[in-house]
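These are my notebook entries on a structure that I looked up piece by piece. I record each item in the order in which I examined it.

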Amino acid sequence: MRTYHCFWLLFWAGQPHQSFLTPLSKRTSGFPEKEKVLVLSGNSRRDLHRSKRSWMWNQFFLLEEYTGTDYQYVGKLHSDQDKGDGSLKYILSGDGAGDLFIINENTGDIQATKRLDREEKPVYILRAQAINRRTGRPVEPESEFIIKIHDINDNEPMFTKDVYNASIPEMSDVGTFVVQVTATDADDPTYGNSAKVVYSILQGQPYFSVESETGIIKTALLNMDRENREQYQVVIQAKDMGGQMGGLSGTTTVNITLTDVNDNPPRFPQSTYQFRAPESTPPDSPVGRIKANDADVDENAEIEYSITEGDGYDMFGITTDKDTQEGIITVKKALDFENKNLYILKVEATNTHVDPRFLYLGPFKDSATVRIQVEDVDEPPVFSRPAYIMEVKEDVPINSVIGTVTAQDPDAAKNPVKYSVDRHTDMDRVFNINSGNGSIFTSKPLDRETLLWHNITVIAAEINNPKQSSRVPVFIKVLDVNDNAPEFAMFYETFVCENAKAEQLIQTLSAVDKDDSYSGHQFSFSLAPEAASSSNFTLQDNRDNTAGIFTRKNRYNRHEMSTYFLPVVISDNDYPIQSSTETVTIRVCACDHRGKMLSCNAEALIHPTGLSTGALIAILLCIIILLVTVVLFTALRRQRKKEPLIISKEDIRDNIVSYNDEGGGEEDTQAFDIGTLRNPEAIDDNKLRRDIVPETLFMPRRTATARDNTDVRDFINQRLKENDTDPTAPPYDSLATYAYEGNGSVAESLSSLESVTTDGDQDYDYLSDWGPRFKKLADMYGAMDSDKDS
């Protein structure tokens, strides 16, 4: 070691420009304890031998963040082959060579050209070589060396978060964990104390504390109450160099919130509450709201209200509004001012979530007194019953009282009441009521068989205030009396065979009664007195509400008597006894030997095997009449086709010719000239009918020319007389139009010839309402009106 130290001194003695000195212990650690021996290349394996290294080198150290103006000196390389004559040249390669690190090629001095940061790169590995300047050949093998960057305290501790958020329950014990903060230092933790961080609290005492080595924040004060203070801001410092003076530091903020616990019981702000409720308040309606205050929040402030005692315990109820935590007092039963006008209740408010840790703070409930004053209102009359059921016999006289309803004003004033019947429930006005005492009486006869129950509604209203009214249903049952005689259950029409024998049953009778019998109907049957002795039939009462008709003699002759009408008397056994006389129709019919009906006189009866002879004859006559009608209709159609009136559309004769033109009035000279009618000579006499061949050819007879001033009626009468006496006139039915209405027509003229002479405009809109047959006319006159308007 002494030898190395001497070499080191000699080394530094020869380096007058070194900018700093590494401690000896650090420097000497870079030197080898003995000379390095390299295996030189260029010889064979057998020639290999150990030789002394021929040039000096070292492991270099630099401090980071050099602030000098000159290049920072690193160290010197020297070879034993260097004679100092400049024949050798030193070359540097590796990390940062030529840029960050430079070497003097003549002397071997190495310098750093830039500031170095250990946090960016702590170690640089370079390679050095000495070559002959003239030949360019290396005189030494390439050797590798290291430059280490020594750390300085140039980085302050940094927290992992800028702001921390934490929460703890209020009333926590001292030392309760809150949160842990962490800071890191980029400096070298293996070199000195540059990266050793210590935590301390700058703000937040005496409520919280922090462990210096771990950064764990804990509570430092007992019974911190959220209701007094909810938010805390704590500032934590992290300092390196173990917290010694000169160390760098960083800070962070920790926001701590106290969460709520149920440590406050509910409290009513007042001991007594007053409310008023009208007696007309319906059940389940709210009367008022009360609220107990709780300093806690969320579920710790939830309150349950209840009525613990009081004279209105069964009249009122209370529920909790979950949104506002208020107690809602409601009516459970109908109130009555006249019975009780004041109720006193005791209401209790209790927390629903109680924390056993804080029971020592007192009971978590409170109570208050509630006074409810019932107010009087004008109430409608009240009936003595919710419904009335009455009974009345159907034979009671009109204006008979059948029952009474009673209602009275429940108010203290006891206003008088009047009664009436709701006519919507008694449209026929069968009943009426005394408006003063409420007695119901009949106003029309009753009939149980028509309507058994009458359901009416009676209205009771205060005389002073008719708006205050109430209703009650009245059910009236009509009781039965024996006022209906029994009658046949159906219409009886039967037959007896001509070959019938005596005492033969031909029909069984039964009866019904519209009246109601509590013990059951009992009918008796008998023949009417006038038929009892002279009848050809007998009647036997079966005593079971039925009777049988039997023949009295052998054989019946339908030619002597075809139909028998047998009067039967039916009586009941109720009081008063009612009886009626019904008639049974018995026809005499021809039957076969088995008693099966064949025919009854000339009338057709429904027979199980088919139609009777009379019915078949009637059907045959109908068919014959239909055939004759068809033949006659066909013959008439053929007769009409023998003489066609018009064979071709070119047929020219005195017929109706429609031009679909109304004409232009008297001023239209181009229209049809009536003078042609007045001048028969203008007609071509040689034109004859072409649709038929005349049997006798008559020469046409000329008629006198009518005067121009002849009245049209006289002209037409003259032409009509001539045609009547003219043997050449058409001998067939034809339509002759003379276009004359006559004088004094009620409908006046329908011609448009006179429309041009009227002074005022006419409205033809009504033609549109006459249907599609007048549509063309409506369009024409409507267009004329439009032209006039334009």
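The entries below concern a predicted model, and they cover disulfides, strands and one threonine.

**Entry 1. Disulfides.**
I began with the cysteines. I recalled that a disulfide is a covalent bond between the sulfur atoms of two cysteines. How many disulfides does a search of the whole structure find? I noted two disulfides.

I looked up the pair Cys 497 and Cys 591, and I found their sulfur atoms 2.1 Å apart. The torsion about this S-S bond is about -85°, so I entered the disulfide as left-handed. I then located the two partners: Cys 497 is in strand E36 (residues 493-497), and Cys 591 is in strand E42 (residues 579-591). The pair therefore ties together parts that are 94 residues apart in sequence. I also checked accessibility, and both Cys 497 and Cys 591 are buried.

I turned next to Cys 589 and Cys 600, which form a disulfide with their sulfur atoms 1.4 Å apart. Is this link left-handed or right-handed? The value about the S-S bond is 100°, and I recorded the link of Cys 589 and Cys 600 as right-handed. Cys 589 lies in strand E42, whereas Cys 600 lies in the loop between strand E43 (597-599) and helix H4 (613-640), so this pair ties together parts that are 11 residues apart in sequence.

Why does Cys 600 count as buried? Buried means under 20% relative accessible area, and Cys 600 has 5% relative accessibility, so Cys 600 meets that limit. Cys 589 is buried too, with a relative accessible area of 0%.

I wrote down the pairing as 1-3, 2-4, numbering the bonded cysteines of the protein in sequence order. I also looked up Cys 622, which is partly exposed, with a relative accessible area of 48%.

**Entry 2. A sheet of three strands.**
I followed an open sheet of three strands, and I noted its order as E28-E32-E31 with antiparallel pairing. Which strands are the edge strands? They are strand E28 (401-404) and strand E31 (431-433), each of which pairs on one side only. Neighbouring strands of this sheet are turned by 25° against each other on average, direction ignored.

I then examined the pairing of E28 with strand E32 (residues 439-442), which is antiparallel and has three bridges. For Gly 403, I found the bridge partner Ile 440 in E32.

**Entry 3. Strand E11.**
I recalled that in a regular strand the side chains alternate between the two faces of the sheet. I looked for this in strand E11 (residues 163-169), where the side chains do alternate. Tyr 164, Ala 166 and Ile 168 point to one face and are buried. Val 163, Asn 165, Ser 167 and Pro 169 point to the other face and are not buried.

I also traced the pairing of E11 with strand E18 (residues 249-259), and I recorded seven bridges in the parallel sense. The bridge partner of Pro 169 in E18 is Thr 259.

**Entry 4. Thr 308.**
Where is Thr 308 placed? I found Thr 308 in strand E21 (residues 303-310). Thr 308 is partly exposed, with a relative accessible area of 36%.

I compared positions in sequence and in space: Thr 308 and Leu 345 are 37 residues apart in sequence, and their C-alpha atoms are 7.8 Å apart. Leaving aside neighbours within four places in sequence, I listed the contacts of Thr 308 as Tyr 313, Lys 346 and Glu 348.

Technical notes. Residues numbered from 1 in each chain as written. Predicted model: local features only at pLDDT ≥ 70, side-chain atom pairs only at ≥ 80, totals over all residues. Heavy atoms only, no water. Pairing = 2+ DSSP bridges. Helix = DSSP H or I, 4+ residues; strand = E, 2+ residues; numbered from the N terminus. Axes fitted to C-alpha atoms, helices over the stretch in contact; angles between N-to-C directions. Disulfide = S-S within 2.5 Å. Buried < 20%, exposed > 50% of the residue type's maximum accessible area, 1.4 Å probe, protein only. Contact = heavy atoms within 4.5 Å.
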